[in-house]
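Colleague: I have not looked at this protein before. Could we go through the structure together?
Modeller: Certainly; please open it and ask as we go.

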Amino acid sequence: MELPDTAVTLKEFTAQIKSFITNECEKGDNHLTHKNCGGGIQIGFANLYYLAEDGSLNPGFDGHGIGPTRVPYCEKCDPPDGSKYTYAERVPILKES
């Protein structure tokens, strides 16, 4: 799954995750595989941060923003590279009013 390049709302981010699983994955023998390449679907993490008014990421009261969320990825065509799909990858989230 491609992480968003620009800030999205939490609802939009959740919808992107669900869309990836629904449209790009298929259930195999007790596991999900990617329809395009047949690679196994793994679960990584991205750390979510609210976007502040000045365009910076709001670290929140504990310095970790909103916190980590589970993100699916294909281990064959989109493997982690040391920061992607780990706590190091930060995703900006727009606050909904």
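Colleague: How many aromatic pairs are there?
Modeller: The count of aromatic pairs is zero. Please keep in mind that this is a predicted model.

Colleague: What sits over the ring of Tyr-50, then?
Modeller: The charged end of Lys-95 does, at 5.0 Å from the centre of that ring.

Colleague: Let us step back to the overall layout. How many helices and strands does the protein have?
Modeller: There are one helix and seven strands. Along the sequence they follow the pattern β-α-β-β-β-β-β-β.

Colleague: What box do the C-alpha atoms fill?
Modeller: The box is roughly 45 × 30 × 20 Å, taken along the principal axes.

Colleague: And how much of the protein counts as buried?
Modeller: Of its 97 residues, 30% count as buried. As for contacts between residues at least 6 apart in sequence, 58% of them join residues at least 24 apart.

Colleague: Which residues of the largest nonpolar core touch the most other members?
Modeller: They are Met-1, Leu-3, Phe-13, Val-71, Val-91 and Ile-93, out of 16 residues in that core. At least two core residues come from each of α1 (10-24), β4, β6 (67-74) and β7 (90-94). As general background, nonpolar side chains tend to be buried together in soluble globular proteins.

Colleague: Staying with Val-71, what does that residue touch?
Modeller: Setting aside residues up to four places away in sequence, Val-71 touches Met-1, Leu-3, Phe-13, Gln-42, Ile-43, Gly-44, Ala-46 and Tyr-85.

Colleague: How far is Lys-18 from Val-71 in space?
Modeller: The C-alpha atoms of Lys-18 and Val-71 are 9.9 Å apart, although 53 residues separate the two in sequence. Lys-18 belongs to helix α1.

Colleague: Is Lys-18 buried or exposed?
Modeller: Lys-18 is exposed, because its relative accessible area is 56%, and the cut-off for exposed is over 50%.

Colleague: New topic: cysteines. How many disulfides are there?
Modeller: The count of disulfides is zero.

Colleague: Why is Cys-37 not bonded to Cys-74?
Modeller: The sulfur of Cys-74 is the closest cysteine sulfur to that of Cys-37, but the two are 3.4 Å apart, which is too far for a bond. A disulfide would need the sulfur atoms within 2.5 Å, so this pair does not qualify. Cys-74 is accordingly in no disulfide.

Colleague: Which of the two cysteines is buried and which is partly exposed?
Modeller: Cys-74 is buried, with 1% relative accessibility, whereas Cys-37 is partly exposed at 26%.

Colleague: Now Asn-47. Where is this residue, and is it buried or exposed?
Modeller: Asn-47 is in strand β4, which covers residues 41-51. The residue counts as buried because its relative accessible area is 5%, and the cut-off for buried is under 20%.

Colleague: What surrounds Asn-47?
Modeller: Apart from neighbours within four places in sequence, Asn-47 is in contact with His-64, Gly-67, Pro-68, Thr-86, Tyr-87, Glu-89, Arg-90 and Val-91. In addition, a polar contact of 3.3 Å joins the side chains of Asn-47 and Tyr-49.

Colleague: Glu-89 is on that list. Which residues is Lys-84 in contact with?
Modeller: Beyond neighbours within four places in sequence, Lys-84 is in contact with Asp-78, Pro-79 and Glu-89. Lys-84 is located in the loop between β6 and β7, and with 22% relative accessibility it counts as partly exposed.

Colleague: And how far is Lys-84 from Lys-27?
Modeller: Their C-alpha atoms are separated by 24 Å, and the two residues are 57 apart along the chain.

Colleague: What about Thr-9: where does this residue lie?
Modeller: Thr-9 lies in strand β1, residues 8-9. Thr-9 is buried, with a relative accessible area of 15%. Neighbours within four places in sequence aside, Thr-9 is in contact with Ile-93, Leu-94 and Glu-96.

Colleague: One last point. What is phi of Asn-30?
Modeller: Phi of Asn-30 is near 65 degrees, a positive value in a residue other than glycine. Most residues other than glycine have a negative phi. Asn-30 is in the loop between β2 (25-27) and β3 (32-34), and counts as exposed at 76% relative accessibility.

Conventions. Residues numbered from 1 in each chain as written. Predicted model: local features only at pLDDT ≥ 70, side-chain atom pairs only at ≥ 80, totals over all residues. Heavy atoms only, no water. Buried < 20%, exposed > 50% of the residue type's maximum accessible area, 1.4 Å probe, protein only. Phe/Tyr/Trp six-rings, centres within 6.5 Å; stacked < 30°, edge-to-face > 60°. Lys NZ or Arg CZ within 6 Å of the ring centre and 35° of its normal. Helix = DSSP H or I, 4+ residues; strand = E, 2+ residues; numbered from the N terminus. Polar contact = N/O pair within 3.5 Å; in protein donor to acceptor, adjacent residues only side chain to side chain. Contact = heavy atoms within 4.5 Å. Core = buried A, V, L, I, M, F, W, Y, C linked by side-chain atoms within 4.5 Å.
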